[in-house]
Amino acid sequence: MKKYNFYSGPAILPKEVLEQASKSVVELDNIGMSLIEISHRSKEFVNILEEAKQHVRELLQLDSDQHVLFMQGGASLQFCMIPYNILNEHETASYLETGVWAKKAIKEARLFGNVEVIASSADTNFNYIPKKYLVPPTSKYFHITTNNTIYGSQMQSMPEVTIPLVADMSSDIFSRPVEGKKFDLIYAGAQKNMGTAGVTLVVVRDNLLGKVKRQIPTILDYRTHIKENSLLNTPCTFAIYVSMLTLRWIKKMGGLVAMEKINEEKAIKLYNEIDSNPLFTGVIAKQDRSRMNLTFTINKPELEESFNNAAKEAGCIGIKGHRLVGGFRASIYNAMPMEGIDVLIGVMREFAAKNG
Ligand SMILES: *Cc1c(COP(=O)(O)O)cnc(C)c1O
């Protein structure tokens, strides 16, 4: 039976990307060697790295003073690496607290300087995105999480600020057009919408760096990674390759405008079912709903496990919600076909008809 991968991450990837990646693991482009056994400094791999960077630059419409880096340590390493590199001990950074990942970023930043949480939706278990807040112009930078993977909320527009804007885009990067120029630092773990686990994309503006007083270990200093073109030490060559293939696929599909259109169609269709089916309720305030991670609960909690099983039997895998939210979460990243949405909707209807 056909399976649909609704996991939040590692997550679904386009079939043609998986097929090409598996071929290249055996032999890369008829060179007589595997992708994963060639040197990261070989011409073949450097070409892959450069192509990946070029796709990122084009898709995010970056300025020439914005550097594209492929790093390790996940988005989680960025939680500490960012303040380490750009926040002095007596300076203050502003954070928007919209979920678990934002909380983790805040916790790490507090190790290096002052952190002001300028708005939070913690009071309602993060079921909306705060909108009325002032970002102090004296703050060193403003940190946001554009899509809250666990709760299922998403910023529908980006804040206009006069200070450097830093964004965790792990779970919605390349899902919609973003004006990359407006950001001074963007980071994203690849395993949600860009590729496979093991690599983290970082886009950092040049003039953000070199201003902290502390010593920074070589491997944690963005400037070394810029200087070494993401080849300071052995990078995750396979993960970079898979990201490159996915970015190539996104461009072939029509780029971010096309991605957004498909993602909207998929999300609207599934939210319509959540809203009209008497057995289910959406978790997030309507205006802040994510188009990537759709969270909903079942109105008869005793049926939770049985619905999860019904979904599994129909081929919909990974819809169990995060324990902090409960209920269900359908992660429908770029590669999820409309067919997967239709199958899930079919299960919801059939289940409601039997148990409503
Ligand atoms: C998954 C996720 C992270 C953590 O990513 P790792 O690569 O596992 O460290 C951080 N932020 C957001 C928004 C995420 O979805």
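In which sense, left-handed or right-handed, does helix 2 pass helix 6? In this predicted model, the crossing of helix 2 with helix 6 is left-handed. The two helices, the latter spanning residues 237-252, pack at an angle of about 45 degrees, and their axes are 9 Å apart. That angle makes helix 2 oblique to helix 6. On the helix 2 side, the contact is made by Phe45, Ile48, Leu49, Glu51, Ala52, His55, Val56, Glu58 and Leu59. Helix 6 answers with Thr237, Ile240, Tyr241, Met244, Leu247, Arg248, Ile250 and Lys251. Sorted by class, this contact of helix 2 with helix 6 holds 11 nonpolar, two polar and four charged residues. A general feature of helices is helpful when reading such lists: an α-helix has 3.6 residues a turn, so residues three or four places apart point the same way.

Helix 2 (residues 43-60) also meets a sheet. It lies across strand 2, strand 9 (185-189) and strand 10 (200-205), and runs at about 130 degrees to strand 2.

The sheet in question is open and is formed by seven strands in the order 2-10-9-8-5-3-4, with mixed pairing. Strand 2 (66-71) and strand 4 (114-120) are the edge strands, each pairing on one side only. From one strand to the next, the twist averages 20 degrees.

Strand 8 offers a good view into this sheet. On one side, strand 8 (residues 165-168) pairs with strand 5 (residues 142-145) in the parallel sense, over four bridges. Within this pairing, isoleucine 144 stands opposite alanine 167, and threonine 145 stands opposite aspartate 168. Strand 8 also runs parallel to strand 9, to which three bridges join it; here valine 166 of strand 8 faces leucine 185 of strand 9 as its opposite residue. Are the residues of strand 8 that point one way and the other buried or exposed? Leu165 and Ala167 point one way, Val166 and Asp168 point the other way, and all of them are buried. The aspartate that stands opposite threonine 145 is thus listed with its strand neighbours as buried.

Helix 4 is another element that packs on the seven-stranded sheet. It lies across strand 3 (92-97), strand 4, strand 5, strand 8 and strand 9, and runs at about 165 degrees to strand 3. The buried residues of helix 4 are Val100, Ala102, Ala105, Ile106 and Ala109. What covers these buried residues includes helix 3, together with strand 3, strand 4, strand 5 and strand 9.

The packing of helix 4 on helix 3 can be described in the terms used above for helix 2 and helix 6. Helix 3 (residues 74-86) and helix 4 (residues 100-109) pack at an angle of about 40 degrees, with 8 Å between their axes. Helix 3 and helix 4 are therefore oblique to each other, and their crossing is right-handed. Ser76, Phe79, Cys80 and Pro83 from helix 3 meet Trp101, Lys104, Ala105, Glu108 and Ala109 from helix 4. By class, six of the residues in this contact of helix 3 with helix 4 are nonpolar, one is polar and two are charged. Ala105 and Ala109 take part in this contact and are also among the buried residues of helix 4.

Helix 3 also contains glycine 74. Glycine 74 counts as partly exposed because its relative accessibility is 24%, which lies between the limits of 20% for buried and 50% for exposed. In sequence, glycine 74 and arginine 248 are 174 residues apart; in space, their C-alpha atoms are 22 Å apart. Arginine 248 has already appeared above, as one of the helix 6 residues in the contact with helix 2.

A further sheet is formed by three strands. This sheet is open, with the order 11-12-14 and antiparallel pairing. Its edge strands are strand 11 (280-282) and strand 14 (328-331), each of which pairs on one side only. On average, and with direction ignored, neighbouring strands of this sheet are turned by 35 degrees against each other. Strand 11 pairs with strand 12 (residues 293-298) in the antiparallel sense, over three bridges. One of the residues involved is threonine 281, whose bridge partner in strand 12 is threonine 297. Helix 7 (residues 255-276) lies across strand 11, strand 12 and strand 14, and runs at about 10 degrees to strand 12.

How values were computed:
Residues numbered from 1 in each chain as written. Predicted model: local features only at pLDDT ≥ 70, side-chain atom pairs only at ≥ 80, totals over all residues. Heavy atoms only, no water. Axes fitted to C-alpha atoms, helices over the stretch in contact; angles between N-to-C directions. Parallel < 35°, antiparallel > 145°, perpendicular 65-115°, else oblique. Left-handed = near helix turned anticlockwise from the far one by under 90°. Contact = heavy atoms within 4.5 Å. Nonpolar A, V, L, I, M, F, W, Y, C, P; charged D, E, K, R; others polar. Pairing = 2+ DSSP bridges. Buried < 20%, exposed > 50% of the residue type's maximum accessible area, 1.4 Å probe, protein only.
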